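Trainee: Could you take me through one part of this protein in detail? I would like to follow a single helix and then see what surrounds it.

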Amino acid sequence: MLEVRFFARLREALGRERVRLPLETPGLTVEGLLSALEAEIPGSRGQLTAPGIRLAATAAARQGRRARRATGRRARLRSGSCIRLWRA
């Protein structure tokens, strides 16, 4: 399961605070997730992949290891990851 949380003006524009969805594609990147979300969330076209969108992604911990912070849109996600998005 992945969790995507929206903050500030982006949350207001989308009309929702978060989305939870299963991770169905192994090796899914943040960029791929954002593109998929734009296709699924009404009114989000161009808002999640636009310049000025900031993100922070925390990858899930693996068997007792500490969670690591993923940076960039090419970071690979795994189940349990949390992505936070806001508009600069």
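Mentor: Happy to; we will look at helix α2, then the core it joins, a loop residue beside it and a group of charged side chains.

This is a predicted model, in which local features need pLDDT of at least 70, side-chain atom pairs count only at pLDDT 80 or more, and totals for chains, interfaces and linings use all residues. Residues are numbered from 1 along each chain as its sequence is written, and side-chain values use heavy atoms, with hydrogens and water left out.

The mean pLDDT (the predictor's confidence in each residue, from 0 to 100) is 81, and 85% of the residues reach 70 or more. Confidence is highest in strand β2 (residues 18-21), at a mean of 91, and lowest in strand β4 (residues 68-70), at 59. Where pLDDT is low, the predicted coordinates should not be read in detail.

The protein has two helices and five strands, running β-α-β-α-β-β-β from the N terminus. Helices (H or I, at least four residues) and strands (E, at least two) are DSSP runs, numbered from the N terminus.

Now to α2 itself, which spans residues 30-40 and has Val30, Leu33, Leu34, Leu37 and Glu38 buried. Those buried residues fall within an arc of 140° seen down the helix axis, so they line one face of α2; the arc is that of the directions from the axis to the C-beta atoms. The face turned away from this buried side carries the exposed residues Ala39 and Glu40. Here buried means under 20% relative accessible area, exposed over 50%, and partly exposed in between (1.4 Å probe, protein chains only).

What does the helix contribute to the core? The largest share of the largest nonpolar core, four residues, comes from α2. That core has 20 residues, and Phe6, Leu33, Leu48 and Leu85 have the most contacts inside it. A nonpolar core is a set of buried Ala, Val, Leu, Ile, Met, Phe, Trp, Tyr and Cys residues joined through side-chain atoms within 4.5 Å. Besides α2, the elements giving two or more residues to this core are β1 (2-6), α1 (8-14), β3 (53-59) and β5 (82-87). Leaving aside neighbours within four places in sequence, Leu85 is in contact (heavy atoms within 4.5 Å) with residues including Phe6, Leu10, Leu34 and Leu48.

Just beyond the helix, Ser44 lies in the loop between α2 and β3 and is buried, at 0% relative accessibility. Not counting residues up to four places away in sequence, Ser44 touches Leu14, Leu37 and Glu38. Ser44 and Leu10 are 34 residues apart in sequence but 9.4 Å apart in space, C-alpha to C-alpha.

Finally, the charged side chains: the structure holds four salt bridges, each a side-chain nitrogen of Lys or Arg within 4 Å of a carboxyl oxygen of Asp or Glu. Glu3 meets Arg18 in one of them (2.9 Å, N to O). Glu3 lies in strand β1 and Arg18 in strand β2, so the pair ties together parts 15 residues apart in sequence. Glu3 is buried, at 16% relative accessible area, whereas Arg18 is partly exposed, at 32%. Arg20 also meets Glu3 in a salt bridge (3.2 Å, N to O), and Arg20 is exposed, at 54%. Salt bridges that share partners join Glu3, Arg5, Glu17, Arg18 and Arg20 into one network.
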